[in-house]
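Colleague: Could you take me closely through the nonpolar interior of this model? I should like to know which residues and elements build it.

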Amino acid sequence: RQMCIRDSDWIGNLVQNGAIAPLQIGADKLSGYAPIAVKATTYQSKLYALPYGFEAIALYRNTAVAPNEPKTLDEAITVGQAAVKAGKVESALNLQQGDNGDAYHMEPVMTSMGGYLFGSTSAGDYAPKDLGVGKPGSIAAAKKIYELGEKGSKVLRRSISGDNSIALFASGKAAYLVSGPWALPDIKKSGMKYAISPVPGFAGQKPAKPFSGVQGFYVASKGKNQAFAQEFVANAMNTETAMQSMYDGAKLPPAMTAVATKVGADNPDVKVLSLIHI
């Protein structure tokens, strides 16, 4: 295999195993991409993937019961709980947890309360020795999660998992949903009226920051046609036409800013999902 398409969170593992090669693309040819996309596909100061699309969770709201964009997560919860009490929905906020929890979807809660998993080096890579789980902010986040859990306000429930969180929202049974762009097809198919906005932070706390995943093209380090693969990624795919085609097929918010602007002009969903990463 000459190349592959993968999420950016695989880069460290792939590099350590010698599976991918640095790309031969100069900084001048990357200026048209969102900076965070380039950062996500760079490891130890070397670019290992040409980014084409973003993935990050956002706040979907059922506009039939939540017509206005909430300024804080507290506001969203209050509106959602009122809708539950009025019998309009069954769930105030679908934030998938399941029986084992879900750190990926819980990241906005964690970061708003000042928590983090790993710190960062000066180069922008994760610093594995700077573990934030036991730090004050993460402890505050854990307390907040407990308050919202089944022994507290019951906003967060183990019965809401990856198997049903999107389906329940799409069927009009939840006021809000925390999910990514992969939720859009089911929501659109349902015909419900909805809106998307960034997940807000808690009142008086820090902004909520979800994890950002970047899909990109990698070149296999042991491929037989290295030169061809490098040429294809650097020139054939590194064009607005190619990136537009990738969006048309994958429907992920584009990493190339020109394509993101073009698509976002006619698609407010993509515009919002693209801005989450900036």
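Modeller: In this predicted model, the largest nonpolar core has 28 residues, and Ile25, Tyr33 and Leu50 are the ones that touch the most other members. Two or more residues each are given to this core by α2 (35–40), β5 (50–55), β12 (213–220), α8 (226–236), α9 (240–250) and α10 (257–266). Of these elements, α9 supplies the largest share, 4 residues.

The surroundings of isoleucine 25 can be described in detail. When its neighbours within four places in sequence are left aside, isoleucine 25 is in contact with Leu30, Leu47 and Leu50, and also with Val233, Ala234 and Asn238. Leu50, one of these partners, is itself among the three residues that touch the most other members of the core. A second core lies apart from this one; it has 25 residues, including Ile77, Leu95, Met106 and Ala175. In soluble globular proteins, nonpolar side chains tend to be buried together.

Strand β5 also holds tyrosine 52. Tyrosine 52 counts as buried because its relative accessibility is 9%, where the cut-off for burial is under 20%. Its C-alpha atom is separated by 9.2 Å from that of glutamine 244, although the two residues are 192 apart along the chain.

A pocket may be set beside this picture of the interior. The second largest pocket, with a volume of about 320 Å³, is lined by 16 residues, and Ile145, Gly149, Glu150, Leu156 and Arg158 lie nearest its centre. Its lining takes at least two residues from each of α4 (103–112) and α5 (136–148), and divides into 5 nonpolar, 5 polar and 6 charged residues.

Definitions and conventions. Residues are numbered from 1 along each chain as its sequence is written. This is a predicted model: local features need pLDDT of at least 70, side-chain atom pairs count only at pLDDT 80 or more; totals for chains, interfaces and linings use all residues. Side-chain values use heavy atoms; hydrogens and water are left out. A nonpolar core is a set of buried Ala, Val, Leu, Ile, Met, Phe, Trp, Tyr and Cys residues joined through side-chain atoms within 4.5 Å. Buried means under 20% relative accessible area, exposed over 50%, partly exposed in between (1.4 Å probe, protein chains only). Contact means heavy atoms within 4.5 Å. On a 1 Å grid over the protein atoms alone, a cavity is a set of points where a 1.4 Å probe fits but cannot get out, and a pocket is an open set with protein on both sides within 12 Å along at least five of seven lines; lining residues have an atom within 4 Å of a point. Grid points are joined across faces, edges and corners, and a volume is the space filled by probe spheres set on the points. Ala, Val, Leu, Ile, Met, Phe, Trp, Tyr, Cys and Pro count as nonpolar, Asp, Glu, Lys and Arg as charged, and the others, Gly among them, as polar.
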